[in-house]
Amino acid sequence: MLLLVTIISYSQITVSGVVKDSLDNPLELASVVAFNKATNALQTYGVTDAAGNYQLKLPKNNTYKMQVSYIGMKTLIDSITAVETNIKKDFVLALDNALDAVEITYEMPVVIKGDTLIYNADSFTDGSERKLEDILENLPGVEINEDGQIEVEGKVVNKLMVNGKDFFDGDTKLGAKNIPSNAVDKIQVLRNYAEVGQLRSVANNQDNVALNIKLKEGKENFWFGNITAGGGASPDETLYLFQPKLFYYSPKYSINFIGDINNIGEVALSRRDIRGFGGGFGSRAPSRSSGTDINLGDNSLNFLTGQNNALEVDNRLASANFSYSPNKSLDLSGFVILNSSQLLSRETSLVQYTNVELGVPDERTDETSDERSNQALAKLSLRYKPNFSNQLDYDILGRISDDSQRQRVVSSVLGETSQLEEITPFSINQTLNYYYTLDENNIFAFEAQHLIRDEDPFYNAILANNPNATDDAFDNTADGLGLDNSLNNYNLGQNRRIQSNQLDAKVDYFHILNPVSNINLTLGTILSTQQFNSNIFQFLEDGNTFDPTPNFNDGLDTNDTRYNFSDVYLGLRYRLKTGKFTISPGVSVHAYGNQNTQQGDTFEENFFRILPEFETRIQFKKSEALTLRYDMRNRFTDVTRLAQGIVLNSFNSIQFGEPELQNALSNNVSLIYTSFNLFNYTNVFARANYSNNIDQIRGLTDFESVIRTSTFFNSGFADETAGLNGRVQRTFGKVQASIRAGYNYSKINQFIQGIQSVNEGFTQTYTPGIRTNFKEAPNVSLRYRYSVTQNNQGDRETTFTTNAPSINFDAYIWKKFTFRTNYSYTVQSQTGGDSQSFQTWDASLNYRKDRDAKVEFELNATNILNIDSQVRNNANNIAVFSSERFVLPRFITARVVYNL
């Protein structure tokens with residue numbers, strides 16, 4: 001690669017200069033494009049900086065047509081001849097008063113219009129792309145992170161639209177992996193995106209980023225997409241795949257359908273994705289900036305592994321999305337998603353607990369799990385905007401699931417255990433927003449969200465028992481729980497039910513004082529009620545059940561707890577723009593009320609708190625800014641940590657709550673720098689953050705062998721977290737280089753066996769990468785990830801080191817074949833232990849007659865090296881884990897793709 005860059009640099013000259021207007025003022029973000037006169041093909045392009053400077057690299061011994069354009073100016077056409085020496089040439093543009101018809105012979109690859117970045121998709125494709133994600137990976141300033149999310153300038157994109165219409169409620173991951181690349185004309189990045197136009201000038205939208213995909217001509221009013229069918233063979237079963245992806249867009253309505261039936265592990269939406277679905281801009285809590293965080297808890301199943309690292313995967317998905325605009329004032333949209341998945345997974349682990357002197361033994365486990373999940377969710381949205389002054393939004397989202405997990409756990413300490421977990425939760429979330437503009441200086445906004453959620457987890461564990469022995473590993477715990485130990489096994493059961501009902505509402509008043517400042521008054525409330533019931537029982541050999549009485553925790557093994565929470569707050573914010581600075585101080589006054597009733601007693605607390613906040617933004621240039629933020633937040637727990645009765649998280653994790661828990665308080669500071677420079681093709685993002693937590697809710701943990709019992713308290717010791725993360729990306733011609741670095745530090749105070757210790761963790765990660773973006777030649781992407789994680793857990797110190805080089809290669813051959821392959825090699829090592837490694841290699845070969853062909857054939861191979869497992873090392877506040885997860889074997893499938 002270095003040799004190639006050197007050769008190219010010696011065969012080129014530099015053309016540079018300044019673009020000005022007729023008054024000698026420099027023009028920032030003017031476009032300068034060079035065409036080879038002999039071939040009439042685009043050679044290169046550039047954009048001017050704040051001083052009007054441009055710079056182009058051009059091959060020698062050619063004549064070029066230069067096209068210089070700027071919004072509101074006449075496009076200038078000129079020519080130059082590149083010989084042996086660099087050229088200095090300035091351009092002066094005149095106002096386009098007459099609006100003369102000038103033919104634009106080429107569209108700029110990247111255009112900046114205010115807060116909008118517009119990428120011309122064809123400028124970043126070579127023919128090997130098949131889906132939107134493939135184009136996004138080629139765009140400067142855009143990245144697909146490890147979670148499949150789209151990031152722009154380090155900010156996660158929260159919303160995806162197609163021709164201005166929400167795509168599955170704006171879900172970016174589903175769109176990136178399924179929208180066909182040949183339908184994409186433009187990709188618009190909408191920075192500082194405002195869902196409500198009336199609030200654009202008065203609200204803080206710096207963190208809001210949306211994407212709008214503009215379709216190519218001919219895609220509107222016609223169905224487009226593709227249908228993929230395929231199959232293959234493996235040692236254990238026949239492989240199959242069927243994936244229809246159909247789209248229809250017209251000015252009035254749109255319909256999208258995505259289906260997926262396969263057993264080869266290619267999952268369009270994972271269970272985790274579906275759980276978080278429907279969380280776009282419109283679903284965010286009204287109190288998100290109030291300074292109050294209340295946790296309603298998450299009682300869903302904790303599956304052993306994910307769908308991308310299981311032994312067997314069988315997945316079925318049917319999803320549909322629509323939008324309809326009967327007139328200019330009314331928009332209707334919605335979606336339905338049905339998903340069913342079955343997994344067989346296995347994981348082996350070595351667990352080393354902290355504080356060696358406490359005598360907790362190391363444990364080796366071998367876990368297998370049969371996981372089944374059936375999920376359904378539907379959403380309906382309405383937007384009514386009869387005029388600029390009024391806008392009404394209403395959403396209703398319902399979800400239901402039926403999940404189960406059967407596990408077999410073999411422990412070197414506890415022996416063999418069988419577990420069954422089941423849950424059939426449902427929830428209904430409604431959102432109502434109304435925005436009213438009284439006049440040009442006064443705006444009112446009402447936002448409300450109501451959530452109803454019902455969760456009913458059931459847990460069953462069966463452990464072996466020898467009635468004639470007194471040294472079984474579970475005996476002491478069984479005695480503590482009050483179980484009958486005269487049976488041949490301990491057959492434990494637990495029913496739980498958690499019902500949540502929450503209203504989150506606020507009224508905002510915005511008053512524009514003058515063109516550079518405004519004030520915002522907020523009156524809001526959060527009203528929450530949770531009911532928690534649970535009981536533990538033992539299945540007897542005759543089919544009856546036994547209700548035990550524990551020998552600790554005052555014999556409480558049932559819960560009937562009601563928790564009421566209220567927050568009424570008044571907020572004031574001031575926003576001032578002066579020069580390059582935007583200053584936004586704020587304060588909110590809260591009246592809190594907490595009450596929980598259980599075991600015949602009532603615990604109540606009412607108090608006031610003032611929470612300040614502050615933000616300053618420095619806009620150095622149109623695409624360069626620095627933002628400083630500070631806020632103080634009050635955090636409240638959920639009902640399960642308040643309930644006094646015993647709860648089985650699992651057979652080796654027991655907890656009981658503390659009804660007098662108080663809130664935790666945190667101070668948070670962040671500094672964010674972003675720069676998007678098209679003059680030298682450099683993108684920079686950096687974020688520094690620090691958080692100090694006071695009265696944090698922490699656990700008091702006691703071990704009996706490897707079985708832990710925990711309760712909670714407000715720690716008087718401050719916990720801290722700090723981080724520094726950044727990325728630099730620069731393009732040199734057709735080569736793009738980048739480096740991402742991250743540093744994260746945490747300090748947590750923990751209490752085990754009554755002894756306080758400090759758990760400190762420090763992680764540093766470096767990920768340099770280089771990739772090419774040739775239109776004709778094959779492209780390659782090289783990346784190397786180096787990570788070091790250091791943990792100091794009482795008297796145990798561990799260091800994990802990860803080295804992971806990877807390469808991606810794609811070639812568009814003879815304009816008929818597309819060959820793509822990716823390979824990665826991961827080595828993980830632990831101080832004082834052996835290193836472990838695994839390799840991943842996948843490849844595919846596609847054939848189509850030409851780019852417009854209706855039929856395409858594909859040969860796909862995954863896990864070509866047929867590795868059995870992947871390794872991972874991590875740590876939490878009580879243990880260090882070294883795990884091995886078993887994965888799908890080598891799969892080779894043949895597929896046919898029909899393109900509409």
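Which residues form a nonpolar patch on the surface here? Let me get to that right away, but keep in mind that this is a predicted model.

Okay, the names are Trp 223, Tyr 253, Ile 255, Phe 322, Tyr 324 and Leu 380. Together they have about 540 Å² of accessible area. If you want to find them by strand, look at S20, residues 253-262, and S22, residues 312-327, because each of those supplies at least two residues of the patch. Trp 223 sits in strand S18, which covers residues 223-233. And is Trp 223 partly exposed or buried? Its relative accessibility is 43%, so we call Trp 223 partly exposed.

Now for the charged side of things. There's also a positive surface patch, and its members are Lys 734, Lys 775, Lys 815 and Arg 851. Take Arg 851: you'll find that one in the loop that runs between strand S49 (836-847) and strand S50 (855-862). Arg 851 counts as partly exposed too, because its relative accessibility is 43%.

Let's zoom out to the whole chain. We've got five helices and 53 strands. The radius of gyration is 30 Å, and the globule rule gives 29 Å for 900 residues, which is close, so the chain is as compact as a globular protein of that length. If you drew a box around the C-alpha atoms along the principal axes, that box would be roughly 95 × 70 × 55 Å. And how much of the chain is buried? Of the 900 residues, 50% are buried.

How values were computed:
Residues are numbered from 1 along each chain as its sequence is written. This is a predicted model: local features need pLDDT of at least 70, side-chain atom pairs count only at pLDDT 80 or more; totals for chains, interfaces and linings use all residues. Side-chain values use heavy atoms; hydrogens and water are left out. Patches are made of residues with over 30% relative accessible area and no salt bridge: like charges are joined within 9 Å, nonpolar side chains (Val, Leu, Ile, Met, Phe, Trp, Tyr) within 5 Å. Accessible areas come from the Shrake-Rupley method with a 1.4 Å probe; for residues, only the protein chains shown count as cover. A salt bridge is a side-chain nitrogen of Lys or Arg within 4 Å of a carboxyl oxygen of Asp or Glu. Lys and Arg count as positive and Asp and Glu as negative; His and the chain ends are not counted. The place of a charge is taken as NZ of Lys, CZ of Arg, CG of Asp or CD of Glu. Helices (H or I, at least four residues) and strands (E, at least two) are DSSP runs, numbered from the N terminus. Buried means under 20% relative accessible area, exposed over 50%, partly exposed in between (1.4 Å probe, protein chains only). The radius of gyration is taken over C-alpha atoms; the globule rule is 2.2 Å times the number of residues to the power 0.38.
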